[in-house]
Amino acid sequence: MAELKRGRTKTRTNMEVTRTLDRGLRILEVIADEASLSLSEISRRLDLTPATTSRLLETLRSRDYVHQDEQTGLYDIGPRAFQVGSAFTQRLRLHQVAEPVLIRLAETLGDTVSLAVREKNEVIFVDQREGRGMIRMASRLGVRAPLHCTAAGKVMTAWLWESALQEAFGEEPFQSFTPRTITARSALLADLDRVRRIGYALDLEEYEQQICCLAAPVRGRDGHVVGAVSGSRVASRFPLGDPSSIAETIVAAAEDLSRRLGWAASAQAPVRRLADNDQHTVEIFDD
């Protein structure tokens, strides 16, 4: 007798759910191939009953995966389907376009530089280049990290709406990783306000002790932040009093990458030096 394969036993419910999902995906594929289709046409092409097709379309429409014209009743691909589909091409293109920018930035700074994207409430480091310096950072490629205590996380959330920030960071107190991690919402919001004013974010030993990072936003064609370029240094080599010299180089690289992605800012604000009321960011280094 043939050996039975181990695994979850298929139930009628599981099979029905899987079949429903498959039918919904097939509807999206049909509409993507040819826009402005009627319910009856979709039903005919997929060999489904009009009632089943209608239920599936209503679910997809309620979640903005399909759009129904109010006057004609015809169905097209919705904005959510476009958003999900474009995320793949956007990230693939981001990674491809970023390579020469990161290589040049690492050579210029002599430090480890990284490219990061945001996935819900985490940072994912998708590329990393080593500088020519004697000190090398541990590889972060593929590593996930929190938003609230990384320079990349801060710079990718600083321009979010307040409601989106609540979802991204969750409830306070935020998890502490070092004695310098920001754990209070009020302090984090003040830090994000500073990011918007000076154009870059700092992580001053907030996620890893003895490691400082500076990150700048990467923007897509529509101006939304789609990633971050960051540079890392050991704390003893980081210019605590005025990091603007490093910031200018990293911001310039992030803006170069943004332009390559199709972003065309009408006016780019220069990198600001830390003002007096910003200095509490670096004063946490004083023991």
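A residue is called buried when its relative accessible area is under 20%. By this criterion, R185, L188, D191, L192, R194, V195 and I198 of helix α7 are buried. The model examined here is a predicted one. Helix α7 covers residues 185-198, and at 1.5 Å a residue these 14 residues should span 20 Å; the C-alpha atoms at the two ends are 20 Å apart, so the expected and computed spans agree. After α7 comes G199, which has a positive phi, near 90 degrees.

In the protein chain as a whole, nine helices and eight strands are found. The chain has 287 residues, and 43% of them count as buried. Its exposed surface comes to about 16600 Å², with 50% of that area supplied by carbon and sulfur atoms. Among contacts in the chain with a separation of 6 or more, 57% are accounted for by residues 24 or more positions apart.

Six of the strands form an open sheet, and their order is β5-β4-β3-β8-β7-β6. The pairing in this sheet is antiparallel. Strands β5 (144-146) and β6 are the edge strands, each of them pairing on one side only. On average, and with direction ignored, neighbouring strands of the sheet are turned by 30 degrees against each other. Helix α8 packs on the sheet, where it touches β3, β7 and β8. The direction of α8 makes about 30 degrees with that of β7.

Strand β3 stands between β4 and β8 in the order of the sheet. Of the eight residues of β3, six are buried, and the strand is thus mostly covered. On one side, β3 pairs with β8 in the antiparallel sense over five bridges. Within this pairing, V113 stands opposite G231, and A116 has A228 as its bridge partner. On the other side, seven bridges join β3 to strand β4 (residues 122-129), again in an antiparallel arrangement. Here V117 stands opposite I124, while the bridge partner of R118 is V123. The two strands β3 and β4 form a hairpin with two residues between them. K120 lies in the turn and has a positive phi of about 60 degrees.

Strand β4 is in turn joined to β5 by three bridges, and these two strands also run antiparallel. In this pairing, V123 stands opposite A145 in β5. V123 is also the β4 partner of R118.

The packing of nonpolar residues was considered next. In soluble globular proteins, nonpolar side chains tend to be buried together. The largest nonpolar core of the model has 32 residues, and those with the most contacts inside it are V218, V229, I250 and L257. At least two residues of this core are supplied by each of α4 (79-109), β3 (112-119), β6 (201-204), β7 (211-219), β8 (225-234) and α8 (244-260). Helix α4 gives the largest share, eight residues.

The surroundings of V229 illustrate the contacts made in this region. When neighbours within four places in sequence are left aside, V229 is in contact with L102, L105, S114, L115, L214, A215, A216, V218, I250, A254 and L257. Among these contacts are V218, I250 and L257, which are listed with V229 as the residues with the most contacts inside the core. A second core, separate from this one, has 24 residues, and A168, F174, I182 and L192 are included in it. L192 is also one of the buried residues of α7.

The loop between β6 and β7 contains E208. This residue has a relative accessible area of 33%; buried residues are under 20% and exposed ones over 50%, so E208 is partly exposed. E208 and T178 are 30 residues apart in sequence, and the distance between their C-alpha atoms is 6.6 Å.

Note on methods:
Residues are numbered from 1 along each chain as its sequence is written. This is a predicted model: local features need pLDDT of at least 70, side-chain atom pairs count only at pLDDT 80 or more; totals for chains, interfaces and linings use all residues. Side-chain values use heavy atoms; hydrogens and water are left out. A nonpolar core is a set of buried Ala, Val, Leu, Ile, Met, Phe, Trp, Tyr and Cys residues joined through side-chain atoms within 4.5 Å. Buried means under 20% relative accessible area, exposed over 50%, partly exposed in between (1.4 Å probe, protein chains only). Helices (H or I, at least four residues) and strands (E, at least two) are DSSP runs, numbered from the N terminus. Contact means heavy atoms within 4.5 Å. The expected span of a helix is 1.5 Å times one less than its number of residues. Two strands pair if DSSP finds at least two bridges between them. Axes are lines fitted to C-alpha atoms, for helices over the stretch in contact, and angles run from 0 to 180 degrees between N-to-C directions. Accessible areas come from the Shrake-Rupley method with a 1.4 Å probe; for residues, only the protein chains shown count as cover.
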